[in-house]
Amino acid sequence: MSGDGHPAIEARGVGVTLGGRRVLTDVTLSAARGRWLAVIGPNGAGKSTLLRAVAGLVPREGEVLVDGTAVDDLRPRRRARLIAYAPQSPALPPDMKVYDYALLGRTPYIPYLGSESPRDREVTRSVLERLDLDGFASRPLGHLSGGERQRVVLARALVQQAPVLLLDEPTTALDLGHQQQVLELVDRLRLADGLTVVTTLHDLSLAGQYADELVLLAAGRAVAAGPPERVLAEPLLTEHFGASVRVEPGPDGRPLVHLVRPLTSRMTPVEGT
Amino acid sequence: MRGDAVTPARRGRALLVASAVLAASLAVGLVAGAAGISPRAIALALLDRLPLVSLHSGLAPVEEGLLFQLRVPRVLLAAVVGGLLATAGAGYQGVFRNPLADPYLLGAAAGAGLTVTLVVVFLGGDAGVTAVPVAAFAGAVGGVFLAYALGHTAGRGGGTATLVLAGVAVTSFLTAIQTFVQQLKVEELQRIYAWILGDVGGGWDQVRMIAPYAVVSTVVMLLHGRLLDVLSVGDEEAVSLGLHAARVRFAVLLAASLATAAAVAVSGLIAFVGIVVPHVVRRLAGWSYRIVLPLSFLGGAAFLVLADTIARTVLAPAELPIGVVTAFVGAPFFVTVLRVTRRVET
């Protein structure tokens, strides 16, 4: 909780209709300062739309508050100083240099027709150094590997210096090692800077390992919310994912989710009992 | 740390080189020509026109008249038209995030083609000649407006793809009408085509006419360079960065269309400048619109001055339409730049 008792980010009664289709209905979420909230749910449940709605990128019903302030009352520039957003598949112009891409994060601080100040350059440089990207500064985005790309996108979001970070599937298209590296990095930055992180994550074990709190979306509604141990419960997952799973506590006590083949499909001649 | 692709120093260097290229092409454009006036005399005559400078160029009054009433305005007009078309091309490419976007994309050319045809066919004679620039300007603006209105009502939120499709529809529709009107009066065909293929010999009147539009549209486009860079990550991400993406797009679209209309009004439809020049600039100086826009203006100006010089000298005393030269010289040049820079990159 922040000093005056408001959650760092709060969304109340969020509803979204896109192209005549109801995508989200009455979703509520909140995260205290410095906490990590993960939005989980089956494909098409509306996870990405929820993040975009919170970021103010799609028309929505309901309220979004940052530290108690309704973002709808803010000008876009002010809002962008409070909420940074990294989409699942960010547009990365292949010729743009890493430094210039990260510098885009300063957009909400640069006057409309002005240009960046020495301070904007300084912030950008220090973030690149922090993410071990200073050696990449003059490399075009088209020449980066998947893990490097994800770090660069993260750098742009950090350069924005917003207290709330919305990351849509930050581990998409990364191998195991890079998934872990990126999430560890997000966690380090969160702890160091007191950032509030809201991610969508399709990998339930990763969500359980990193997030303090989970929101389970199904068919556009929040059907469960709370700490991982509560939300990652076998009956809930079976019901909403239609999957046969086993949940067991990992070494740190946080739940690990395993897929288990349904018994009915195990009846093969070789293994016959 | 290196990698600041748009540092003031680097931008300054690029602008300096491009300005030198433009100055050289202006010099070539002033010197080349039928009368054979010496470069030295031209330089002296130009310096003489500066305030507080008094020099004797040794030019005969006829030569001086030719220089200041024909050649200087012609070279200036070519420079301004080339600069406007190339900057508008870069602007459209940024707004639509599409490398194939050009100044005529949104129906500007078809609109101007139709109104000019109408004026030539139905007004005819001298009245038709004086009305051509006004008609071209109105037609270009009208064509863009039509495409914009259509794209806006057809696609919610005015997405760029819808707008381009609307431009294509408007272009075919207006071209159909133009062709129909043309066939009613086949004897005017040559005059219509002469206008379509372009010409920058309009003199001081047209330089004065185009100046205010050129200044306003160019300044607006140049001021939006950084914002077009932000827009290059797409509307949604640009909005998440606090940018009013629709407003930026509208401002640049308006300025680029004004620049196109002004160029079309005084020079006809000169193809290829708006698409070739920005791409050559990108290859040589990088992706950022903060560099691409100003360099496109300088490069487009230099390119059209040289193209016009070729147009009026190769078959002298006859003149080639300038649009023929831009395509004939521009296409191979474009391909060469693409090939050479790719080899450097890899």
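## Around A:Asp212

A:Asp212 touches A:Gly34, A:Arg35, A:Trp36, A:Arg190, A:Pro227, A:Pro228 and A:Arg254, leaving out residues up to four places away in sequence. The model is a predicted one. One of these neighbours, A:Arg190, is joined to A:Asp212 by a polar contact of 3.0 Å between the side chains.

A:Asp212 sits in the loop between helix 7 (204-210) and strand 9 of chain A. Its relative accessible area is 15%, so A:Asp212 is buried. The cut-off for buried is under 20%.

## The interface of chains A and B

Chain A puts 38 residues in contact with 27 residues of chain B. Together the two chains bury about 2,800 Å², and 58% of that lies on carbon and sulfur atoms. Three residues lead on the chain A side: A:Thr107, A:Tyr112 and A:Leu113 supply 21% of the area that chain A buries against chain B, more than any other three residues.

There are 3 salt bridges across the interface. A:Arg52 forms a salt bridge with B:Glu236, with the closest N and O atoms 2.8 Å apart. Polar contacts between the chains come to 10 residue pairs, both residues being at pLDDT 80 or more. Four elements of chain A each supply at least two residues of the side that touches chain B: helix 2 (76-82), strand 6 (83-86), helix 3 (98-103) and helix 4 (118-130). By type, the residues on this side of chain A divide into 20 nonpolar, 6 polar and 12 charged.

## A:Arg79, buried without a salt bridge

A:Arg79 lies in helix 2 of chain A. The residue is buried yet has no salt bridge. Which side chain of opposite charge is nearest to A:Arg79? That is A:Asp72, 6.9 Å away. The cut-off for a salt bridge is 4 Å, so this pair does not count as one.

The side chain of A:Arg79 does reach across to chain B. The partner is the backbone oxygen of B:Val239, at 3.1 Å. Neighbours within four places in sequence aside, A:Arg79 is in contact with A:Ala55, A:Gly56, A:Val71 and A:Leu74 in chain A, and with B:Val239 and B:Ser240 in chain B.

## A:Leu165 in strand 7

Strand 7 of chain A covers residues 164-168 and holds A:Leu165. A:Leu165 counts as buried because its relative accessibility is 3%. Beyond four places in sequence, its contacts are A:Ala84, A:Ala157, A:Leu158, A:Leu195, A:Thr196, A:Val197 and A:Val198.

A:Thr69 lies 96 residues from A:Leu165 along the chain. The C-alpha atoms of the two are separated by 16 Å.

## Positive phi at two loop residues

A:Asp67 is not a glycine, but has a positive phi of about 50°. Its place is the loop between strand 4 (61-66) and strand 5 (69-70) of chain A. Is A:Asp67 buried, exposed or partly exposed? At a relative accessible area of 36%, A:Asp67 is partly exposed.

A:Ala219 is also not a glycine, and has a positive phi of about 45°. A:Ala219 lies in the loop between strand 9 (213-218) and strand 10 (221-226) of chain A. With a relative accessible area of 72%, A:Ala219 is exposed.

Key: Residues numbered from 1 in each chain as written. Chains lettered and ligands numbered in written order. Predicted model: local features only at pLDDT ≥ 70, side-chain atom pairs only at ≥ 80, totals over all residues. Heavy atoms only, no water. Contact = heavy atoms within 4.5 Å. Buried area = accessible area lost by both parts, 1.4 Å probe. Polar contact = N/O pair within 3.5 Å; in protein donor to acceptor, adjacent residues only side chain to side chain. Nonpolar A, V, L, I, M, F, W, Y, C, P; charged D, E, K, R; others polar. Buried < 20%, exposed > 50% of the residue type's maximum accessible area, 1.4 Å probe, protein only. Lys, Arg positive; Asp, Glu negative; His and termini not counted.
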